[in-house]
Amino acid sequence: MYLYMAKDKNINFQEIEKKWQGEWEKKKAFEVKEKTKSKKGKYYVLEMFPYPSGSGLHMGHAFNYTIGDVYARFMRMQGFNVLYPMGYDSFGLPAENAAIKAKVHPKKFTEQAIKNFISQQKALGLSYDWSRMLKTSDPEYYKWNQYFFLKFLENGLVYRKKAGVNFCRKCNTVLANEQVHNGCCWRHTDTEVEIKQLEQWFIRTTKYAVELLEDIPKLQWPERIKIMQENWIGKSYGTEIFFEINRKKWPIFTTRPDTLFGVTFMVVSAQHQRLMELVTEKQKKEVENFIKKIKSTKQEDMDKLDKEGVFTGSYAVNPLTNEKVPVWAGNFVVADYGSGMVMAVPAHDQRDFDFAKKYKIPIKLVIKPKENDKNRLDEKNLKEAYTGSGILINSKGFNDLDSEEAKKHITKALQFKKLGSKKVQYKLRDWLISRQRYWGTPIPVIYCQKCGIVPVNEKDLPVKLPEKVKFGIGNPLETSKEFVNVKCPKCEGKARRETDTMDTFFDSSWYFLRYEDNKNKKQAFDKKKVDYWMPVDQYIGGAEHAVMHLIYARFFTKALRDLGFFINKDKMNEPFMKLFNQGMLHGNDGAVMSKSRGNVVLPEEVSKKYGIDTARIFLMSIASPDKDTQWSDNGVEGSLRFVKKVIEVISKIKKGKSSARLESKINKTVREITEEIKDFRYNIAIIKLRGLFEYIEHENEISKKDLEGFLKMLSVFAPHIAEELWHEIGNKSFISLAEWPMADKKKIDLTLEKAEENLEKTISDIINILKIIKEKQGKEAEKVYLYVIPNEKSNYNEDVLSKRLNKEIRVFVVNDKNKYDPENKAGKAKLGRPAVFVE
């Protein structure tokens, strides 16, 4: 068929693509089992599974998926038993919003979207094991979400409490802290978040804070992602100090116990569930008005706010001085970090200093610089907080101590009086999973007036979503009486079902385990299968998930390990050992490709015009896959010319014996491309592959083995065309399942490779000379003359050079008496560096 293609400039790429996609599917080419004769064992390649949007895929998605597919194909050909599955994170608010807007049920909307996604992904030539496909909105999947929730509940990892939560009016649901961006909803960036006090379900992620932090150095992840996780978990060493407020002790965490004598006020979070206990009747109205102004529970958002507060009317007693200091409610203290209250030392903390100046609160210096700068010691004229170390002053019993030493002594004094102790604190907070929306996993809990909170029996799982609900007003689940009103599993009295659903990050925290056993109806997964495939060897996804999905998935794996779900506990400390962050594809307008911007390029259009293989080569060649890159019609045209040339050359070249020079080039290229693909340097691999092809193009003959080697390397980038050409040269099996070529070091001739390197440098020099002549003289040069050292003449083939440069090239040895050399350039020739004359 390719002979026909070579003659026809309008190649029917779609016909070739459909042919091989059909063959792969028919023969189940990429389906894998646990028991295998694979020499190198298993290799699990996984991309973060997508939300199946109704708009389908564009070339930005194709860029992401091709990165993983190239790697999976490469590892498969390396001899590994490769698991490369695909599924859909199909629960979530967008489908519910679409239901309201388009008046179609989320289930129907989602099923159609998934069907479209699968069709588009298959058209990209992605080598997924489709037999393992899953979707999180399937009751057979979310049944196990509910099962894990119950197991967590049994083991104290799930609890319910009233808390200040982020609430989006447009979503009409609670948002996790990670879903609040600059005080606004992550989906509705024009909508400010409100704070509501609601009973919510939480997962005790903080129980694993220590392990989550300590295991980060073991991960082979991008350094910036590891740093982001470390900062999010946020370990701090300090002291917990008990302040008495209204005859109750409040534990206050601080990293600066040396400043305890400088405390002039306290600040409690304006979102604290116990705030109103501290508010006097006189201050109640003022405090309530202040609370209405709070827009986020997220620390980063609070850090950006102007620091504001209101006096509660209460006072705290300093445990070492017995002085009473006012308690303020502030918009910059996080409710669930520590006790939700901080001690304020305005002389030695800039935030506290600004707050004290704003509200005319006293400032007391308790540390002086060691150099004794007198200007700093005047509390009345202090222009900024002194935050450095120094010597303690105004600290009865601890004066003249170095501030670092004072931390230890003051902590010991507090411990002796049972008024404090050493403490390690983490910024990581428990995971809020309650959502007041429909399209998610129902939380398997029933409320009975007599029995209280009652878990659903495991035998009654899954608790299925009712299909007949009303959308658009509040939580749709509350509109289904059949769903809400149930009998209590304990007393069989009247009871009410929980109407919150789970955060969809719960679904994505263990999906990589379900792929191993996606049809199991008795268990979430078989332990033996998980033991064979896990952990994921190479995970691929965006950096935006650093502190959401990636932390939750790590927590989930560790929790399941401790609950006995894995055979080998030591092996299952982490789900993803290696992580690769892909870049973003930008449209022709320079902006990130997205439907909302109207700058998308559709795979269907590309396939019809250029062929998907052409697009795959272009996408993987324009930049390193971890960098942002831009779609270019001109660029893809260049890749199309390359693909057509490959087809043409392979149709004409004689299959026989490779020259020693070609054998050397092929073996060297195999060695280099293997390393480039291993390290995700696909763009460099393609440059070298194209360089090899240019070499093949100018040969008259090539061995079948060497030609197959070239096609095998091409196949990971252009699988359809490679399959077609592979079969045309006489092979019956799939090239996609063939063995990767091995470099024969004995056939790599370093002398020839050096000569090749010199040839490339010479070609580059000639191109630059021709460019300069055109710029200066405004005309094209017609002939190029090379003058070479006698024993190097065979390295510079006139025909090859003429084709490469599209000019007439003459090559002379420097001692040729009959050479054409009007300007005596030959005398400038050096070993490995010919002299050049152009006219």
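**A walk from S269 to the four-stranded sheet**

Start by selecting S269: with a relative accessibility of 0%, this serine is buried. Keep in mind along the way that the model is predicted. Colour by secondary structure and you'll find S269 in strand 12, which covers residues 265-269.

Now show the side chain of S269 and look for polar partners. One of its polar atoms sits 3.0 Å from the backbone nitrogen of Q271. The S269 side chain also gets to the backbone oxygen of V333, at 2.9 Å. Next, bring up the surroundings: leaving out residues up to four places away in sequence, S269 touches L275, G330, V333, V334, A335 and G340.

Next stop, the cysteines. Select C184, which is buried at 13% relative accessible area. Draw a distance from its sulfur to the closest cysteine sulfur, the one in C185, and you get 8.5 Å, too far for a bond. Hop over to C168 as well; this one is buried, at 0% relative accessible area. Don't hunt for disulfides elsewhere: a search of the whole structure turns up zero.

Finally, select strands 21 to 24. What order do the strands of this open sheet take? Reading across, the order is 22-21-24-23, and the pairing is antiparallel. Strand 22 (452-455) and strand 23 (485-487) form the edges, each pairing on one side only. From one strand to the next, the twist averages 40 degrees.

Zoom in on strand 21 (residues 445-448) and strand 24 (residues 494-497), an antiparallel pair with three bridges. To pick out a bridge, select C448 together with its partner in strand 24, A495.

Terms used. Residues are numbered from 1 along each chain as its sequence is written. This is a predicted model: local features need pLDDT of at least 70, side-chain atom pairs count only at pLDDT 80 or more; totals for chains, interfaces and linings use all residues. Side-chain values use heavy atoms; hydrogens and water are left out. Two strands pair if DSSP finds at least two bridges between them. Helices (H or I, at least four residues) and strands (E, at least two) are DSSP runs, numbered from the N terminus. Axes are lines fitted to C-alpha atoms, for helices over the stretch in contact, and angles run from 0 to 180 degrees between N-to-C directions. A disulfide is a pair of cysteine sulfur atoms within 2.5 Å. Buried means under 20% relative accessible area, exposed over 50%, partly exposed in between (1.4 Å probe, protein chains only). A polar contact is a pair of N or O atoms within 3.5 Å; within protein, one must be able to donate a hydrogen and the other to accept it, and residues adjacent in sequence count only if both atoms are side-chain atoms. Contact means heavy atoms within 4.5 Å.
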